[in-house]
Amino acid sequence: MARVLLVDDDVDSLSAASDLLQSQGHDVATANSLAAARSQLGNSIPDVLLLDLILPDGNGLELLDELSGRGPPKIVLITGHPGIKSHIANLSGPAVSYLTKPIDARDLAAAVRTNTDETPIEEAGNHFGLLVGEHETMLAVYAQIERVARTDTPVLIVGETGTGKELVATAIHRASGRTGQFVPVNCGSLSGELAPSELFGHEKGSFTGAVRRHVGAFKRADGGTLFLDELVEMPTNLQPHFLRAVETGSVQPVGSEKDEPTQARIVAATNRDPEKAIADKLLRQDLYFRLSVFPISMPPLRARRTDIPLLVRHFLNGLRRDGAERAFSDESMRRLETYHWPGNVRELKHVVQRTLIMSDPGSAELELPAHFDSPFAGATQQGLEAGRTIRDVERELIELTLAHFDGDKKAAAETLGISLNTLYNRLNAYRDGESS
């Protein structure tokens, strides 16, 4: 275990981090200012120095200058600004890593490890313990998360399939400081008579099969975050009731005559154009306005190609099981960086995973197959042909994806970014259309 000096002027953060590290067996000393840190360092040099950049009596970098080579073997700077990494690298040298507030417990635990064989915390550009990327478009997303997280403002995340919208929603929840649960709901699965029950709950005996009281998603997210994925897929007859719940901060379970208050924070996401969905009568305009107070736009992977090596390394680290270091050849990496990635980050992860499975386990160098593109590529190319209906393009994409995964509907639904229930509904609709 390590001897750690934790320097931070945020009393709550200091206490929480100290308690966590002590529970893991580390010897932790704390300081809430540069002066207090200097005093601690005058007594002994710790194994790890966790240092906040902004302190009441100066900047944490001043302390690094004063140490001038006699400091701890491991230094981790703490910052509330996600875009600071490049500046830290220039000012502090490659031996100094960083953490971004709010600090995830797993990242904090990794930061104090002193084993020289560990993976550096900054290796994959991990933000909020979830998001990988250093492109300016992603730094803008991190800044938006920082600004909105501590508010109660509804957030609407818009982006193509596979760009990481649920990860952003989770990051907002983590950064919010809310003590309640993060409750994800796929709106594509809210269909039929059970939809109101899933969102608002129901009382025992309120309908056939209601053998016990059920707490809906709104109440489960009380004090936390309710994440609505595939917002445009929400049944239109349910949208007025949902809007009322958002506006009043209360829900009425099915079979009850009383409203129940809830303080769930709403984050929604869609991979479709909301304004077109409104024009097509799929999304109520008033609901859209209510949920889009703070929009976040997720960039497609083709717009941030410089993040591809970071993402590949992140996926390789997460997927390896035998401890062996694996890496793509230079030629394969160039192919990954120039591909157009219609399935975005999710597609990239699948390509990395398939390559690992198919590669020679005795070789440290990974080679892409001659054709590595997923069903997204062929379907996208054909779908752009003039004269084809949206329904035909959608059907072809689904059928190509199912064929690619040998009929595995769960894998196909995940790749397409839709719920399994939505996939079944689409397939049933296609069969009904053929039999009519």
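**First stop: helices α6 and α7**

Select helix α6, residues 136-149, together with helix α7, residues 165-176. In this predicted model, α6 passes α7 in a right-handed crossing. Their axes come within 9 Å and cross at roughly 45°; the two helices are therefore oblique to each other. Now display the side chains where they meet. On α6, the contact is made by Val141, Ile145, Val148 and Ala149, while α7 contributes Val168, Ala171, Ile172, Ala175 and Ser176. Colouring this contact by residue class gives 8 nonpolar residues, 1 polar and no charged.

**Second stop: helices α13 and α15**

Move next to helix α13, residues 308-319, and helix α15, residues 344-358. How far apart are the axes of these two helices, and at what angle do they pack? The axes lie 10 Å apart, and the angle is about 50°. That angle makes α13 oblique to α15. The crossing of α13 past α15 is right-handed.

Show the side chains of both partners. From α13, select Ile308, Leu311, Val312, Phe315, Leu316 and Leu319. From α15, select Val345, Leu348, Lys349, Val352, Gln353 and Leu356. By class, the contact of α13 with α15 holds 10 nonpolar residues, 1 polar and 1 charged.

**Third stop: helices α13 and α14**

Keep α13 selected and add helix α14, residues 330-338. The axes of α13 and α14 come within 10 Å and cross at roughly 115°. Here, too, α13 passes its partner in a right-handed crossing. Ile308, Pro309 and Val312 of α13 make the contact with Met333, Leu336 and Glu337 of α14. These residues divide into 5 nonpolar, no polar and 1 charged. Ile308 and Val312 of α13 thus deserve a second look: they take part in the contact with α15 and in the contact with α14.

**Fourth stop: threonine 355**

Return to helix α15 and select threonine 355, which has its place there. Is threonine 355 buried or exposed? Its relative accessible area is 3%, and the residue is therefore buried, the cut-off for that class being under 20%. Leaving aside residues up to four places away in sequence, threonine 355 touches Phe328, Leu366, Glu367, Leu368 and Pro369. To check one of these neighbours, draw a distance from the C-alpha atom of threonine 355 to that of leucine 366. The two atoms are separated by 7.1 Å, and the residues are 11 positions apart along the chain.

**Fifth stop: glutamate 193**

Go now to the loop between β11 (182-186) and α8 (195-200), where glutamate 193 is found. Glutamate 193 has a relative accessible area of 78% and is therefore exposed, since that class begins over 50%. A distance drawn between the C-alpha atoms of glutamate 193 and phenylalanine 207 reads 9.9 Å. Along the chain, these two residues are 14 residues apart.

**Last stop: the whole chain**

Finally, clear the selection and display the entire chain. The chain has 19 helices and 18 strands. Of its 436 residues, 47% are buried. Among contacts with a separation of 6 or more, 70% join residues 24 or more positions apart. Switch on the surface to end the tour: the accessible surface of the chain comes to about 21,500 Å², and 50% of that area belongs to carbon and sulfur atoms.

Methods. Residues numbered from 1 in each chain as written. Predicted model: local features only at pLDDT ≥ 70, side-chain atom pairs only at ≥ 80, totals over all residues. Heavy atoms only, no water. Helix = DSSP H or I, 4+ residues; strand = E, 2+ residues; numbered from the N terminus. Buried < 20%, exposed > 50% of the residue type's maximum accessible area, 1.4 Å probe, protein only. Contact = heavy atoms within 4.5 Å. Areas by Shrake-Rupley, 256 points an atom, 1.4 Å probe, with all protein chains shown as cover. Axes fitted to C-alpha atoms, helices over the stretch in contact; angles between N-to-C directions. Parallel < 35°, antiparallel > 145°, perpendicular 65-115°, else oblique. Left-handed = near helix turned anticlockwise from the far one by under 90°. Nonpolar A, V, L, I, M, F, W, Y, C, P; charged D, E, K, R; others polar.
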